[in-house]
Amino acid sequence: MPWGRGQRKTVADFLTTTHTRAFVVLHRGRLVTEWYDAHTGPTTKLASWSVAKAMAGLLTGQAITEGRLTLDTRVVTVLPWLRVEHPADGDPRFNTITVRHLLDMTSGIDAAEGYQVNPLEDPTAVLSMLTGTYLMLVHPNMHSFASSHRRMVFDPGTRGEYVSYNTQLLSMVLSEVFGTDYITAFVNRLWRPAGAQYPATWNLDHGGGIAKAFCCLNATARDFARLGLLVAEAGGPGSRVSRAWLDRILTPQPKPLGGWPYSTQFWHVPGDQRGKRANDVSAIGVFGQYIYLNRRTQTVIVKLSDHGIEEDEALTFRAMRSIARSWRH
C-alpha cells in the first residue's frame, strides 16, 4: 500500500509500525480481513476516542429527518438554561450558535483543544492541563461544565476550529429532543439496528450520568465496523441513515479544520474538494482510531491503535483508501 512520497508498506508493516491493536475490513457486509495484536481479540472492548463523535453526527441526522431539529435550530432554543442573559454569564454571541455550527465545528466557542501535556514529565503543568478537552474529560458534571463555557473566540459560522465541546453540547441537545438520555438514544437508534454483538460502554460524568459523548465510546472492533456499515449501506430499506444525510456526510463543508475538509463529525482526506461529494470518509480518534468507509466499493475498515499523538492520519487515511479501491474492478 502507498505510504509517503513514493514509499510502500506491506499491510503487516503498516499495522505494526502504527501500533495497531485491532484491524477489521468488511466488503459488501462480509468480513474479509481481521487482525489483532497479542493482547487483543474479537471480544476485547477498545476505546474509540473521537471516533465517538461520529455517533452524534448520525443521531443528528435522525433527529432532523424526524422533524425534531433543523440545522438552523439554535442551541439555546433547545437548552434555554444556557442562554446568556448577562455579560457575567458569557458572550451574547453564544445565543446564536446552531446545530449546524456544532455539527461542523464552526461554533466559535472558547473551549481549548489539546492533548500534549504530560504531568509526569512536568508536574507544574497539572493546573494548565485542566482546561478544554482535559477538563471536560475529568469534569464530574457536564451541566456545570456547559454553564461555565459560554465565552466565544469568533462569530459562529465564520471559520472552522476543532473543539470537542461542540460534540458534547450537540449530544445534550439530542438528549433533550429525543426525550431520553444520550446512551439510550444511541443504543436504540444505532447500536441495536447495527446488529452489534456485544454491549458497548460510555464514560459518564458523576453529576447526572451524562455520557462523555465527545470521546468515550468503548466497543469491539467488529461492532465498530457494524456501525460503519450503517453509513456504507445508507438509504436502503430500513436504513437508520438517510440518503440525504449520507450526501451531507460525504460532502466537505465550506470551513475546513486545520487544512482538513470536514462534515457532520466525519473527516475527509486533505485535498478533497470542499462542496464536492466524495466516495469515502472516516471518523478519526486521537492515538490512531478509525472507522473508514468507502461508499463506492462498500468497504468499511476499523483500525484501533495505541499510536502517539503525532500519528500520520493523512497517510493512514490514504492507505485505507488504497485498500478500499482494490475492489473497484
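Three exercises with worked solutions follow, on a predicted model.

**Exercise 1. Helix α10**

Compare the expected span of helix α10 with the distance between its end C-alpha atoms, and determine how many of its residues are buried.

Solution. Helix α10 covers residues 221-232, which is twelve residues. The expected span is 1.5 Å times one less than the number of residues, which gives 16 Å for this helix. The end C-alpha atoms of α10 are 16 Å apart, in agreement with that value. Next, apply the burial cut-off of under 20% relative accessible area. Ten of the twelve residues pass, so α10 is largely enclosed by the rest of the structure. Among them are F224, L227, L230 and V231.

**Exercise 2. The disulfide**

Find which cysteines form a disulfide, give its handedness, and decide whether each partner is buried or exposed.

Solution. The search of the whole structure returns one disulfide. C215 and C216 form it, with sulfur atoms 1.8 Å apart, within the 2.5 Å cut-off. The angle about the S-S bond is -50 degrees, and the link is left-handed. For burial, the relative accessible area of C215 is 4% and that of C216 is 5%. Because buried means under 20%, C215 is buried, and C216 is buried too.

**Exercise 3. Strands β8 and β9**

Describe the burial of strand β8 and its pairing with strand β9.

Solution. Six of the six residues of β8 (residues 280-285) are buried. D280, S282 and I284 point one way, while V281, A283 and G285 point the other way. Strand β9 (residues 289-294) runs antiparallel to β8, joined by six bridges. In one of these pairings, S282 has Y292 as its bridge partner. Three residues lie between the strands of this hairpin, and F287 takes a positive phi near 75 degrees.

Notes:
Residues numbered from 1 in each chain as written. Predicted model: local features only at pLDDT ≥ 70, side-chain atom pairs only at ≥ 80, totals over all residues. Heavy atoms only, no water. Helix = DSSP H or I, 4+ residues; strand = E, 2+ residues; numbered from the N terminus. Buried < 20%, exposed > 50% of the residue type's maximum accessible area, 1.4 Å probe, protein only. Pairing = 2+ DSSP bridges.
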